[in-house]
Amino acid sequence: MKSYGRQTINAEDERAIIECLRSDFLTQGPKVTELENSVAEFCSVAHAVAVNSATSALHIACLALDVGPGDTVWTSANTFVASANCARMCGAEVEFVDIDSSTGNLSLDALEQKLSQAQANNRLPKVLIPVHFAGQSCDMQAIAKLVAPYDIKIIEDASHALGGEYQGKPVGCCEYSDISVFSFHPVKMITTAEGGMALTNNAELADTMRLYSSHGITKANNSDDSPPWYYEQHLLGYNYRMPDLNAALGVSQLKNLSTWVIKRNALAQYYDKAFAHTEVEPLKHVIDGVSSYHLYVVQVDAQKRLAVFNRLREQGVGVQVHYIPVYKQPYYQALGCQTLANTEHYYARCISLPLYPTLSNEEQDTVVRLITSALSEV
Ligand SMILES: *Cc1c(COP(=O)(O)O)cnc(C)c1O
């Protein structure tokens, strides 16, 4: 038992990569399109743009929504830095919305309050980026309703939540958002090694994101008499393309996703049961939907957290803390970002326990025994 999460690679994944290596395409080829179509179908969404990371996907999503200097983007601080960095990459300001410390997701009360304050101060954000923490979707219907009176776009950072459901629909379907983003980093739900994807139902946003992901270049001819080698650069884009080799792995991985989500949910329930009537508090499941259980997070007494964490690490349990609030990073401190009460409360108490599809109940028993005995001894 090594880490809080790890990838699962089977023989079919290996075959898919070797087959791609022997094909004519290593970078741009049919597997990228196949992965885009497969994920779009899985998520019931119209358009998917595969890129080389979720960070790139968040960046092109912000660019497509025209985020730039003078704009403000809001996100949660209980996330990986990329959820906020994407706005800074566009030259925009970032502000953080507090979380509900029992779920790690954006707090609706905090959002409502911050919106009315921002309206009074004429500082409304251009984009809100809710993060589906640990795999549980934010309450997107409620969030969309809160921002509806203002002209605020929504990007779901669904990096944790591929395979999850909200109100009976797949996370990523963009029912209540403009764009959704997934990560295919090895610790996430499926992997392409490095990789990510931006999904949308808006064809124009999809085209713009695709342009930004590949130098701003389009091959589409504007006139019929242009020569066969013709291409045009329309804006300043990046090379964020996903290689075919990585997409081949993704296509193969996606076939296992539904099984893995079921497995992760069963393992999470096993932990939940074991921690009932103990001082270990698992995150609460509050939405109408299915968590992908990317992470299994518990909270313990803040006074004991460090000692328990160290004890578990010494005993070979790869616990982790998700996340150091983004505003605590020196980069964001230098920008004057403020501390948030619920985020602090959560951060002082959280520990992520091992959870991945090949984890066994016996290994879970060991984790439960070690954490409960550590808590009683420290
Ligand atoms: C992993 C992660 C990212 C960044 O993903 P990459 O594919 O590594 O760029 C962004 N946001 C969240 C919430 C993540 O967990």
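# Notebook: loops, ligand, cavities and pocket

**Entry 1. Thr-191 and its loop.** I began with the side chain of Thr-191, which reaches the backbone nitrogen of Ala-193 at 2.9 Å. The model I am reading is a predicted one. I located Thr-191 in the loop that runs between strand S8 (179-183) and strand S9 (196-200). Is Thr-191 buried or exposed? Its relative accessible area is 3%, so I entered Thr-191 as buried.

I then turned to the partner in this contact. Ala-193 is found in the loop between S8 and S9. Its relative accessibility is 37%, and therefore Ala-193 counts as partly exposed. I also noted its backbone: phi is positive, about 70°, although Ala-193 is not a glycine. Most residues other than glycine have a negative phi.

**Entry 2. Another positive phi.** I looked up Cys-174, which is not a glycine and has a positive phi of about 65°. Cys-174 sits in the loop between strand S7 (169-170) and S8. With 6% relative accessibility, Cys-174 counts as buried, because the limit for that class is under 20%.

**Entry 3. A cis peptide bond.** Which residues does the cis peptide bond join? I found it between His-322 and Tyr-323, with omega at about 0°. Most peptide bonds are trans. Tyr-323 belongs to the loop between helix H10 (302-314) and helix H11 (330-334). I kept Tyr-323 in mind for the next entry, since one of its polar side-chain atoms lies 3.2 Å from an oxygen atom of the ligand.

**Entry 4. The ligand.** How many residues surround the ligand? I recorded 15, the closest being Thr-55, Asp-157, His-160, Ser-183 and Lys-188. By class, I noted 5 nonpolar, 8 polar and 2 charged residues in this shell. Helix H3 (54-64) and helix H4 (82-89) each supply at least two residues of the shell.

I next examined individual contacts to the ligand. Asp-157 places a polar side-chain atom 2.7 Å from a ligand nitrogen atom. For Lys-188, an N or O atom of the side chain is 2.9 Å from an oxygen atom of the ligand. How much of the ligand does the protein bury? Taken alone, the ligand exposes 390 Å², and the protein buries 93% of that.

**Entry 5. The cavities.** I searched the whole structure for cavities of 30 Å³ or more and found 2. The largest cavity has a volume of about 110 Å³. Its lining comprises 13 residues, and those closest to its centre are Ala-134, Leu-283, Ser-291, Tyr-293 and Leu-295. I sorted that lining into 8 nonpolar, 3 polar and 2 charged residues.

The second largest cavity holds about 60 Å³ of space. Two residues from earlier entries return here: Thr-191 and Lys-188 both line the second largest cavity. Among the other residues of this lining I listed Arg-6, Gln-7, Thr-8, Trp-260, Arg-264 and Pro-357. The lining of the second largest cavity has 5 nonpolar, 4 polar and 3 charged residues. Thr-191 thus appears in my notes as a buried loop residue, as the side chain that reaches Ala-193, and as part of a cavity lining.

**Entry 6. The largest pocket.** I then moved to the largest pocket, where I noted about 590 Å³ of space. It is lined by 21 residues, and Arg-210, Ser-214, Ile-217, Lys-219 and Arg-241 lie nearest its centre. Which elements supply at least two residues each to this lining? I entered helix H2 (30-42), strand S1 (47-51), helix H7 (203-213) and strand S10 (217-218). H7 gives the most, with 6 residues. By class, the lining of the largest pocket divides into 7 nonpolar, 8 polar and 6 charged residues.

**Entry 7. Ser-352.** My last entry concerns Ser-352, which lies in strand S15 (residues 350-353). Ser-352 has a relative accessibility of 1%, so I classed it as buried. How far apart are Ser-352 and Leu-235 in sequence and in space? I recorded 117 residues in sequence, and 42 Å in space from C-alpha to C-alpha.

How values were computed:
Residues are numbered from 1 along each chain as its sequence is written. This is a predicted model: local features need pLDDT of at least 70, side-chain atom pairs count only at pLDDT 80 or more; totals for chains, interfaces and linings use all residues. Side-chain values use heavy atoms; hydrogens and water are left out. On a 1 Å grid over the protein atoms alone, a cavity is a set of points where a 1.4 Å probe fits but cannot get out, and a pocket is an open set with protein on both sides within 12 Å along at least five of seven lines; lining residues have an atom within 4 Å of a point. Grid points are joined across faces, edges and corners, and a volume is the space filled by probe spheres set on the points. Ala, Val, Leu, Ile, Met, Phe, Trp, Tyr, Cys and Pro count as nonpolar, Asp, Glu, Lys and Arg as charged, and the others, Gly among them, as polar. A residue is near a molecule or strand if one of its heavy atoms lies within 4 Å of it. A polar contact is a pair of N or O atoms within 3.5 Å; within protein, one must be able to donate a hydrogen and the other to accept it, and residues adjacent in sequence count only if both atoms are side-chain atoms. Accessible areas come from the Shrake-Rupley method with a 1.4 Å probe; for residues, only the protein chains shown count as cover. Helices (H or I, at least four residues) and strands (E, at least two) are DSSP runs, numbered from the N terminus. Buried means under 20% relative accessible area, exposed over 50%, partly exposed in between (1.4 Å probe, protein chains only).
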